[in-house]
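Student: I have just opened this one and would like to understand the words people use for it. Could you take me through them step by step?

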Amino acid sequence: MDWTLEVVIVPVSDLDRAKAFYADRLGFAVDHDTRFGETGRMVQLTPPGSGCSIVIGNEVVPQMPPGSLKGLQLVVADIRRAHAELTERGVECSEVQVLGENPRPMPDPLDNVGFVFFSDPDGNAWAVQQISSRGRPAGA
């Protein structure tokens, strides 16, 4: 049996600001922007090349305070290119950091250990990790 992770709820305080950050700054595709009930709204966005989406919205998961989600992780084939793309898009992020020692530094010594960190406007924290055997390079 396959078990696939399809959606992660990301708690935000300002839906339009968060949508702009994820879509315009990070380049996530807007899958849909749906209204429900009298005041409910949710937006589903998917990172380029990902099989998992995020959902932001109001009245989606009220017990999660905005900014409380930590440790979300994206994987890219080239962390330096990802860092450059984030910086070009105006996303405040860390420099490339090496966390740990790569037991197999070929073909690239940053594989598995190269990371960049950033937060959305509410403080939900993200990591970007390089695993060159997965996916396509950032911006490709």
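Student: Which residue in S4 stands opposite Ile9?

Tutor: Val55 in S4 stands opposite Ile9. Keep in mind that this is a predicted model. A second pair to look at is Val8, whose bridge partner in S4 is Ile54.

Student: How do you know that S1 and S4 count as paired strands?

Tutor: Two strands pair if there are at least two bridges between them. Three bridges join S1 to S4, so the requirement is met. These two strands run parallel.

Student: What makes S3 and S4 a pair, and in which sense do they run?

Tutor: Five bridges link S3 and S4, in the antiparallel sense. With at least two bridges needed, they therefore count as a pair. For an example, find Val43, whose bridge partner in S4 is Ile56. The hairpin of S3 and S4 has six residues between the strands, and Gly49 there takes a positive phi near 80°.

Student: Why is the pairing of the sheet called mixed?

Tutor: The order of its four strands is S1-S4-S3-S2, and the sheet is open. S1 and S4 run parallel, whereas S3 and S4 are antiparallel. The pairing is mixed.

Student: What makes a strand an edge strand here, and which strands are they?

Tutor: An edge strand pairs on one side only, and that holds for strand S1 (7-9) and strand S2 (29-36). From one strand to the next, the twist averages 20°.

Student: Which helix lies across S2, S3 and S4?

Tutor: That is helix H1, residues 15-25, running at about 10° to strand S3 (40-46).

Student: What makes S4 mostly covered?

Tutor: Five of the six residues of S4 are buried. Buried means a relative accessible area under 20%.

Student: How do you know that Ser53 is buried?

Tutor: Ser53 lies in strand S4, residues 53-58. Its relative accessible area is 6%. The limit is under 20%, so Ser53 counts as buried.

Student: Which residues does Ser53 touch, leaving aside those up to four places away in sequence?

Tutor: Ser53 touches Glu6, Val7, Val8, Asp31, Gln44, Leu45 and Thr46.

Student: Why are the links from Ser53 to Asp31 and Gln44 called polar contacts?

Tutor: The term asks for a pair of N or O atoms within 3.5 Å, one able to donate a hydrogen and the other to accept it. The side chain of Ser53 makes such a contact with the side chain of Asp31 at 3.4 Å. With the side chain of Gln44 the value is 3.3 Å. Both values are within 3.5 Å, so the distance condition is met.

Student: Now the whole protein chain. How do you know that its radius of gyration agrees with a compact globule?

Tutor: For 140 residues, a compact globule would have a radius of gyration near 14 Å. The protein chain has 16 Å, which agrees. Along its principal axes, the C-alpha trace spans about 55 × 40 × 30 Å.

Student: How many helices and strands does the protein chain have?

Tutor: The protein chain has two helices and eight strands. Along the sequence they follow the pattern β-α-β-β-β-β-α-β-β-β.

Student: What share of the residues counts as buried?

Tutor: Of the 140 residues, 39% count as buried. The protein chain exposes about 8,100 Å², and carbon and sulfur atoms supply 52% of that area.

Key:
Residues are numbered from 1 along each chain as its sequence is written. This is a predicted model: local features need pLDDT of at least 70, side-chain atom pairs count only at pLDDT 80 or more; totals for chains, interfaces and linings use all residues. Side-chain values use heavy atoms; hydrogens and water are left out. Buried means under 20% relative accessible area, exposed over 50%, partly exposed in between (1.4 Å probe, protein chains only). Contact means heavy atoms within 4.5 Å. Axes are lines fitted to C-alpha atoms, for helices over the stretch in contact, and angles run from 0 to 180 degrees between N-to-C directions. The radius of gyration is taken over C-alpha atoms; the globule rule is 2.2 Å times the number of residues to the power 0.38. Accessible areas come from the Shrake-Rupley method with a 1.4 Å probe; for residues, only the protein chains shown count as cover.
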